[in-house]
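Please look through the model shown here with its internal spaces in mind, taking the enclosed space before the open ones.

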Amino acid sequence: MNSNDAPATPAASPRASSTPASAEAFPLTVGQVEAMLRQLAPTELAESWDSNRLICGDPAELVTSVLLAVDPVEATVNEAIERGVQMLITHHPLYLHGTDHVSATNPKGRLIHSLIRAGIALANAHTSLDSARGGVADALAAVVGLQNTTVLSPAPSNPELGIGRVGTLPAPISLRALAEQVAAALPDSTPGLLVGGDLDAKISRIAVSGGAGDSLLGQARDAGADVFLTADLRHHPASEHLEGGRPYLLCGTHWATEWVGLPPLAHHLEALAQQQGHRLSVTVSQTVTDPWTARVATGPRG
């Protein structure tokens, strides 16, 4: 797949101002918004272990506004309540593994109760959005500035789509310069960006994958990448990989490398609603939900 085939990935979610005012009288339902979500991020692209679904909410309830976030956590649920939206769509599922209760005796159960009391539906699109055309992988490739992208790990259901992308920069640059460019392009979070490799080496072919990327190290090397940008790299896999040479490694945070997929999703949801004669207001949460709140330099002082 060539990057030129992917939908545009705007930095913000423009409002569909050309929609007739009469469309306000015919809001969408939760079920219709979820159907649009599945159109943009088809469930057949999801990994077999994943969960992509309507987590709570009545498909018949009406929706005029939606909040997008990476994580279904207290901060984003509270933001949804404060904004008065009728639906929260997150990247990550609330329950990746099964549960036998949703009582308010644990954090996830309390979130479900808060959402239901506020009349807010919760849905998610996880690896389906990672793999989709115009999804997380394409968005991450776009913010890095990659051209002529192909899929890093093709989906069995559609080899033209899948996890991650590989592409080239407009011109070779140093690893140091690329790291500075990527750090400026990603949303800010406390851990920042880690770099592994020769900072002065010239690089041009880049592999990217939002979220945890340990399992794709070999595929990034097989793809001939000079650098692999991902997140959640552990010590031993990263160290052993770098002993074998390129691709060098850029390790961002899980939240930052996946958040970039939300503004394009907001744009496409609003556009689909407009095509169907509705107005849907979609807001992207700016709340940083990385678990780390501070970074303190280690080593002796003074």
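The paragraphs below treat the cavity, then the pockets, and then one serine residue.

In this predicted model, the count comes to one cavity of 30 Å³ or more, and the volume of the largest cavity is about 30 Å³. Its lining is made up of Leu37, Ala69, Ile89, Thr90, His91, Ala125, Leu129, Leu262 and Leu265, and two elements, β5 (87-90) and α10 (262-275), each contribute at least two residues to that lining. Sorted by class, seven of the lining residues are nonpolar and two are polar, while no charged residues are found there.

Turning to the open spaces, the largest pocket has a volume of about 290 Å³ and a lining of 19 residues, among which Trp49, Thr127, Asp130, Ile163 and Ala212 lie nearest its centre. Two or more lining residues come from each of α4 (127-131), α5 (136-144), β8 (158-174), β10 and α9 (254-259), with β10 giving the most, namely four residues. This lining holds six nonpolar, 10 polar and three charged residues.

The second largest pocket encloses about 220 Å³ of space, and of its 13 lining residues Pro191, Leu194, Gly252, Thr253 and Trp292 are the closest to its centre. By class, its lining divides into six nonpolar, four polar and three charged residues.

Strand β10, which spans residues 202-212, also contains Ser209. Ser209 counts as buried because its relative accessible area is 2%, under the 20% cut-off. Apart from neighbours within four places in sequence, Ser209 is in contact with Leu140, Ile163, Gly164, Leu216, Phe228, Leu229, Thr230 and Ala231.

Technical notes. Residues numbered from 1 in each chain as written. Predicted model: local features only at pLDDT ≥ 70, side-chain atom pairs only at ≥ 80, totals over all residues. Heavy atoms only, no water. Buried < 20%, exposed > 50% of the residue type's maximum accessible area, 1.4 Å probe, protein only. Contact = heavy atoms within 4.5 Å. 1 Å grid on protein atoms, 1.4 Å probe; cavity = no way out; pocket = protein on both sides within 12 Å on 5 of 7 lines; lining within 4 Å. Points joined across faces, edges and corners; volume = space filled by probe spheres on them. Nonpolar A, V, L, I, M, F, W, Y, C, P; charged D, E, K, R; others polar.
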